[in-house]
Amino acid sequence: DEDMIVINKPAGIPVHPSGRYNYNSVTEVMRAERGHGFNPMPCNRLDRLTSGVMFIAKHRKAADDLTEQIMARTVKKEYVARVMGEFPEGEIVCEQPIMQISPKLGLNRVRADGKDARTVFKRLAYYPGAGDEGTEKGVATPGMEWKQKEGYSIVRCRPLTGRTHQLRVHLQFLGHPISNDPIYANQRVWGLNLGKGESEADNDEDIMSRLARMGKDETADAVAYHDEMMDRYKKSKGEKLTGEKCELCGTDLYSDPGPHELGIYLHARKYAAGDGRWSYETELPEWALPPAGYSGPTESTEESDPLAIDLSKLGLAAEGSETK
């Protein structure tokens with residue numbers, strides 16, 4: 001309309017120019033399409049690796065109005081994630097506070113003295129054995145103990161707060177990280193338990209040291225890359241330092257990221273006003289559909305809708321209410 005553009009942002013593209021992304025960003029692509037006199041104003045920000053519903057205001061008043069609703073937490077949000085293993089059924093609540101450990105590395109962790117964070121999860125589907133060829137249930141491959149988490153689940157997520165990486169951190173803490181998350185599902189960074197239930201600061205320095213090597217000396221290797229039997233050639237195409245420098249400015253050069261590094265299995269599926277005035281949603285992303293040989297939901301189901309949950313029955317305050 002005259003106030004707002006709503007898009008389904010693809011994974012792999014940042015909202016604003018940043019780092020090595022000068023022109024391939026949401027705002028710059030929209031300027032190129034509509035003329036450089038157009039000033040897109042993003043109202044909600046999604047990580048570069050995340051896809052889904054995004055609001056671009058056409059003028060300042062529209063941006064301020066929607067941003068105010070989001071900041072007041074009166075907007076209901078639903079995300080969809082594909083996570084490792086068999087996620088529990090029912091309404092799963094995680095209220096672990098989150099602290100930013102390293103802005104440079106993009107690392108956030110559960111901490112008792114972190115910021116308040118609350119998420120409600122509800123499983124949409126579980127696909128036992130899918131994407132985990134040749135692994136017997138409950139039996140660990142040497143060096144790949146995470147393979148005991150057979151198969152994967154599609155989980156619908158309702159964040160009641162808006163902390164950085166909130167869904168990714170809460171899912172990791174619960175023992176079901178997003179299966180291709182290069183930070184929170186990386187065995188070489190977190191070890192065999194992938195950070196499940198960890199909330200102490202004892203190993204922060206070790207975690208940061210190992211994470212700092214990802215994308216430099218080593219490619220960021222989430223467990224899903226093993227599960228999907230990616231060959232060595234494809235993995236070698238991952239983004240990391242090449243040892244070469246730019247002839248003009250001397251900047252260290254990186255290899256191009258592989259296709260598997262352009263996004264994670266996290267999608268902003270629905271945003272809705274708390275008073276019901278407006279609602280925008282997308283279909284399920286392709287990676288959330290049943291894999292070959294399996295039957296399962298091809299669209300969101302009413303019984304798994306996290307936005308329909310009566311939060312008061314869970315002892316939780318609704319969006320825009322005082323935190324209990």
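In the predicted model examined here, the side chains of Arg168 and Asp47 are joined by a polar contact of 3.5 Å. Arg168 belongs to helix H3, which comprises residues 166–173, and with a relative accessible area of 4% this arginine is buried. When its neighbours within four places in sequence are set aside, the residues in contact with Arg168 are Asp47, Leu49, Ile178, Asp181, Pro182, Ile183, Tyr184, Ile264 and Leu266; Asp47 thus appears both in this list and as the partner in the polar contact.

The loop that leads from strand S9 (152–159) to H3 contains His165, a residue that is not a glycine and nevertheless has a positive phi of about 60°. His165 is buried, its relative accessible area being 13%. A positive phi near 60° is likewise found at Arg73, again in a residue other than glycine, and this arginine is placed in the loop between helix H2 (60–71) and strand S4 (75–84). Whereas His165 is buried, Arg73 is classed as partly exposed, at 26% relative accessibility. Phi is also positive at Gly35, with a value near 100°, and this glycine follows helix H1.

Helix H1 itself spans residues 26–34, and its buried residues are Val26, Thr27, Glu28, Met30 and Arg31. These buried residues pack against three strands, namely S1 (4–9), S2 (41–42) and S3 (51–57).

Turning to charged pairs, the count of salt bridges in the model comes to 19. One of them lies within helix H2, where the side chains of Asp65 and Lys61 meet with an N to O distance of 3.0 Å. The two residues are 4 positions apart in this helix and are therefore separated by about one helical turn. In general, an α-helix has 3.6 residues a turn, so that residues three or four places apart point the same way. The partners differ in their exposure class, since Asp65 is partly exposed at 35% relative accessibility, while Lys61, with a relative accessible area of 56%, is exposed.

A salt bridge is also formed between Arg156 and Glu78, whose closest N and O atoms are 2.7 Å apart. Because Arg156 lies in strand S9 and Glu78 in strand S4, this pair ties together parts of the chain that are 78 residues apart in sequence. Both partners are shielded by the burial criterion of under 20% relative accessible area: Arg156 counts as buried at 2% relative accessibility, and Glu78 is buried with a relative accessible area of 0%.

In a further salt bridge, between Asp116 and Arg118, the closest N and O atoms are 3.6 Å apart. Here Asp116 is partly exposed, with a relative accessible area of 31%, whereas Arg118 is buried, with a relative accessible area of 4%. Beyond such individual pairs, salt bridges that share partners link Glu78, Arg156, Arg269, Lys270, Glu281 and Asp305 into one network, and the pair formed by Arg156 and Glu78 accordingly has both of its residues among the members of that network.

Conventions
Residues are numbered from 1 along each chain as its sequence is written. This is a predicted model: local features need pLDDT of at least 70, side-chain atom pairs count only at pLDDT 80 or more; totals for chains, interfaces and linings use all residues. Side-chain values use heavy atoms; hydrogens and water are left out. Buried means under 20% relative accessible area, exposed over 50%, partly exposed in between (1.4 Å probe, protein chains only). Contact means heavy atoms within 4.5 Å. A polar contact is a pair of N or O atoms within 3.5 Å; within protein, one must be able to donate a hydrogen and the other to accept it, and residues adjacent in sequence count only if both atoms are side-chain atoms. A salt bridge is a side-chain nitrogen of Lys or Arg within 4 Å of a carboxyl oxygen of Asp or Glu.
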